[in-house]
Amino acid sequence: MVVLNRIYTRTGDAGTTALASGERRSKADLRIETYGTVDETNACIGLARQHTTGDLDAMLSRIQNDLFDLGADLATPEGDAPLPYEPLRVVAAQVERVEREIDALNAGLQPLRSFVLPGGSPAAASLHLARTVCRRAERLAVALAANPAERVSPVAIQYLNRLSDFLFVAARVANDGGAADVLWVPGQNRA
């Protein structure tokens with residue numbers, strides 16, 4: 001259980017923060033940037049949830065909890081020395097659940113005939129914003145994983161990849177099942 005008695009500690013005043021292991025890193029470190037962007041994704045989903053109800057809202061609630069799991073995973077890099085506790089990791093079952101939810105939401109949508117512009121309803125616009133922030137988190141996680149000195153779970157990257165797909169489909173659902181999608185018209189404003 002997490003207990004926060006004090007919100008400010010002054011330990012980050014010099015521009016560093018602690019990983020779950022206690023190791024201090026610069027706040028500009030790629031790992032910190034990666035899980036910080038996962039947190040931004042979560043905040044965007046929280047904003048979107050102000051405009052959602054029912055099954056979609058329940059799915060988004062589960063995803064918000066998963067994103068805290070993912071942040072914990074990224075904040076606890078695997079090392080050579082064992083930790084005195086079992087670190088929280090995102091697992092394949094979470095990716096598979098998101099895939100099932102994508103399939104369920106997508107089943108009622110018409111196939112796309114053009115790219116969708118971010119917008120439409122407030123819920124859809126917020127979900128598109130969350131999708132783009134999620135894609136940024138995924139790019140950062142991939143960059144972090146490319147560094148031989150860093151370890152990132154492949155499942156964490158898979159989760160982010162699936163989540164951005166989920167958020168795209170969820171935005172279409174929030175746009176009246178795709179009927180209110182704002183479609184790209186190639187070259188529309190060239191003349």
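A cavity is a set of grid points over the protein atoms where a 1.4 Å probe fits but cannot get out, and a residue lines it when one of the residue's atoms is within 4 Å of such a point. The exercises below apply this and a few other terms to a predicted model.

**Exercise 1. The enclosed space**

Task: Establish how many cavities of 30 Å³ or more the whole structure holds, and find which residues line the largest cavity.

Solution: Begin with the search of the whole structure, which finds one cavity of 30 Å³ or more. About 50 Å³ of space lies in the largest cavity. Next, take the residues of its lining, which are R31, D73, L74, T76, P77, E78, R89, R151, V152 and S153. Finally, sort this lining by class, which gives three nonpolar, two polar and five charged residues.

**Exercise 2. The open space**

Task: Describe the largest pocket by its volume, by the residues closest to its centre and by the elements that give two or more residues to its lining.

Solution: The volume comes first, and about 650 Å³ of space lies in the largest pocket. The lining of this pocket consists of 20 residues, of which L4, A18, Y35, F68 and A75 are the closest to the centre. Turning from residues to elements, two or more lining residues come from each of β1 (16–18), α1 (30–48) and α2 (54–74). Helix α1 supplies the largest share of this lining, namely five residues. As a last step, the classes can be read off, and the lining of the largest pocket divides into 12 nonpolar, six polar and two charged residues.

**Exercise 3. The chain as a whole**

Task: Give the number of helices and strands in the chain, the order in which the elements run and the share of residues that count as buried.

Solution: The secondary structure comes to five helices and four strands. Reading from the N terminus on, the elements follow the order β-β-α-α-α-β-α-α-β. For the overall dimensions, the C-alpha trace spans about 55 × 40 × 35 Å along its principal axes. As for burial, 42% of the 191 residues of the chain count as buried.

**Exercise 4. Two helix pairs that involve α5**

Task: Decide whether α4 is roughly parallel or roughly antiparallel to α5, and do likewise for α2 and α5.

Solution: Two packed helices are described by the angle between their axes and the distance between the axes. For helix α4 (residues 122–145) and helix α5 (residues 154–174), the angle is about 165° and the axes are 8 Å apart. Angles over 145 degrees count as roughly antiparallel, and α4 is therefore roughly antiparallel to α5. The contact of α4 with α5 has, by class, 17 nonpolar, three polar and four charged residues. The hand is the remaining property of this pair, and α4 passes α5 in a left-handed crossing.

For the second pair, the axes of α2 and α5 come within 12 Å and cross at roughly 160°. By the cut-off of 145 degrees, α2 and α5 are therefore roughly antiparallel to each other. The crossing of α2 and α5 is left-handed.

**Exercise 5. Buried or exposed?**

Task: Place I45, A141, P111 and D176 in the structure, and classify each by its relative accessible area, with under 20% taken as buried and over 50% as exposed.

Solution: Take the two helical residues before the two in loops. I45 belongs to helix α1, and I45 counts as buried because its relative accessibility is 0%. The C-alpha atoms of I45 and V116 are 71 residues apart along the chain and are separated by 19 Å. A141 has its place in helix α4, and A141 also counts as buried, because its relative accessibility is 1%. Between A141 and A93, which are 48 residues apart along the chain, the C-alpha atoms are separated by 20 Å.

P111 lies in the loop between α3 (92–106) and β3 (116–117), and its relative accessible area of 52% makes P111 exposed. P111 and G178 are 67 residues apart in sequence, yet 9.2 Å apart in space, C-alpha to C-alpha. D176 is found in the loop between α5 and β4 (182–183), and D176 is exposed, with a relative accessible area of 59%. A final point concerns the backbone of D176, where phi is near 55°, a positive value in a residue other than glycine.

Note on methods
Residues numbered from 1 in each chain as written. Predicted model: local features only at pLDDT ≥ 70, side-chain atom pairs only at ≥ 80, totals over all residues. Heavy atoms only, no water. Axes fitted to C-alpha atoms, helices over the stretch in contact; angles between N-to-C directions. Parallel < 35°, antiparallel > 145°, perpendicular 65-115°, else oblique. Left-handed = near helix turned anticlockwise from the far one by under 90°. Nonpolar A, V, L, I, M, F, W, Y, C, P; charged D, E, K, R; others polar. 1 Å grid on protein atoms, 1.4 Å probe; cavity = no way out; pocket = protein on both sides within 12 Å on 5 of 7 lines; lining within 4 Å. Points joined across faces, edges and corners; volume = space filled by probe spheres on them. Buried < 20%, exposed > 50% of the residue type's maximum accessible area, 1.4 Å probe, protein only.
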